[in-house]
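Here are my notes on the model you sent round, set out as numbered points. Please read them with the sequence and the coordinates open beside you.

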Amino acid sequence: MDVPCVRVEREAGEETRQALAALELVNKEREIIHEDGALYIPVTDAAAVPEEYDVVERATPARETQTMPADLVEFDVSYERLGEVVLIDEDDPERARELADAIVESDIPVKTVLNRASKIQGETRVRDWEVLAGENTQAVHREYGCEFALDLAAVYFSPRLATERNRVVEQVEPGEQAFDMFAGVGPFVIPFAKRGAQAVGTDINETAIEYLRENAERNGVADSVTAIHGDVRNVVSGTSDQPCESDGVREVVSGYDNWADRIVMNLPHSADEFLDTARELASEDCVLHFYDIQHEDDAFGPGTRAIRNAMEPEYAVDIETKRVVRSYAPHEDNVVLDVRLTRE
Ligand SMILES: C[S@@+](CC[C@H](N)C(=O)[O-])C[C@H]1O[C@@H](n2cnc3c(N)ncnc32)[C@H](O)[C@@H]1O
């Protein structure tokens with residue numbers, strides 16, 4: 001089928017395609033043709049093409065494959081998707097701009113492109129982002145049947161942990177009492193509640209707790225979820241007299257000692273400092289999911305020793321699973337220990 005195409009020398013092809021894309025003139029339903037050193041870029045409206053371009057009529061096949069960002073730039077690309085938010089990690093501003101444009105131009109559904117602008121930092125584990133396309137840093141992410149609203153500039157969230165989270169979720173039994181000590185926007189708490197658990201999440205980041213409450217509503221589990229803003233060490237009775245905020249009401253929250261059949265501790269690098277609190281939370285028979293980041297030579301050793309030091313002799317400690325979740329950095333692994341604690 002003949003359609004109007006802009007004909008350009010191959011060397012000017014990408015620049016021309018981008019210029020036409022900026023004018024929303026690229027016909028995405030037809031293939032771009034390479035022939036005899038020239039590129040034929042199908043356009044939607046020949047009359048709207050600026051005069052500097054050569055428009056010809058020619059046959060181009062209907063597009064069968066989707067255009068991906070990698071098809072539109074000449075370097076290796078990597079990105080992550082969080083709903084319609086695409087996350088990139090480019091230090092070079094020109095490369096970042098080019099990749100963001102390619103992502104927008106591609107066929108992947110995209111509302112926003114964000115470039116990492118700092119490392120994860122501080123107690124709340126949040127990083128800065130540069131908005132390269134779109135309006136803000138808000139996202140709605142879907143994971144294993146749950147939906148999470150969040151603002152990446154205000155809370156921690158990593159889509160890379162989805163498989164690991166689901167591995168833990170699948171262990172949850174209806175009626176059990178599950179406590180996430182570092183809950184974020186609820187990627188453990190919400191699916192736990194969906195499986196029939198009574199789930200409690202604490203976080204020192206107030207915005208994360210607001211999102212956790214919103215996400216509990218969004219996923220229809222608000223009745224089974226308690227979201228508490230504050231330092232988890234203050235939540236368990238006897239560890240502090242500082243107030244925490246539970247479900248919007250400022251009060252001293254207590255009563256979770258000896259409560260939890262399952263505890264999640266996803267605060268790698270410093271979870272060991274919270275093991276005394278985990279011991280107070282644990283019921284007579286409790287499973288602890290302890291996340292850590294360590295050198296690959298002894299990735300499970302420090303966590304195992306810290307858990308035994310904190311829990312024995314009050315609890316018998318049975319390390320049921322040792323798993324590398326992902327490589328974190330060269331020679332450093334993000335690992336998890338599933339530990340059964342049985343009161344002696
Ligand atoms: C690595 S994030 C994990 C969030 C969530 N569990 C997830 O998998 O996405 C750690 C969370 O712990 C929170 N946090 C740090 N120190 C805390 C404390 N002392 N008490 C409660 N939450 C804390 C941070 O605000 C952050 O949201």
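1. Two strands are taken as paired if DSSP finds at least two bridges between them, and the elements themselves are DSSP runs numbered from the N terminus, with helices (H or I) of at least four residues and strands (E) of at least two. The model is predicted, so local features need pLDDT of at least 70 and side-chain atom pairs count only at pLDDT 80 or more, while totals for chains, interfaces and linings use all residues. Residues are numbered from 1 along each chain as its sequence is written, and side-chain values use heavy atoms, with hydrogens and water left out.

2. On that basis, four strands make up an open sheet of mixed pairing, in the order S5-S6-S7-S8. Strand S5 (80–82) and strand S8 (129–133) are the edges, and because each has a single partner strand, one side of each is left without a neighbour in the sheet. Between neighbouring strands of this sheet the average turn is 30 degrees, direction ignored, with axes fitted to C-alpha atoms.

3. Within the sheet, S6 and strand S7 (residues 112–116) run parallel and are joined by four bridges. Val 85 has Thr 112 as its bridge partner in S7, and Ile 88 stands opposite Asn 115 in the same strand. Five of the five residues of S7 are buried, that is, under 20% relative accessible area with a 1.4 Å probe and protein chains only. In a regular strand the side chains alternate between the two faces of the sheet. Thr 112, Leu 114 and Arg 116 point one way from S7, whereas Val 113 and Asn 115 point the other way.

4. The largest nonpolar core (buried Ala, Val, Leu, Ile, Met, Phe, Trp, Tyr and Cys residues joined through side-chain atoms within 4.5 Å) has 39 residues, and Leu 82, Leu 150, Leu 152, Phe 192 and Leu 212 have the most contacts inside it. Among the elements that each supply at least two residues are strand S6 (85–88), helix H5 (189–194) and helix H6 (206–218), with H6 giving the most, five residues.

5. Beyond its neighbours within four places in sequence, Phe 192 is in contact (heavy atoms within 4.5 Å) with residues including Val 168, Val 172, Ala 199, Arg 262 and Val 264. Another core, of 36 residues, lies apart from the largest one and has Leu 275, Leu 288, Met 311 and Val 335 among its members.

Notes: Buried < 20%, exposed > 50% of the residue type's maximum accessible area, 1.4 Å probe, protein only. Axes fitted to C-alpha atoms, helices over the stretch in contact; angles between N-to-C directions.
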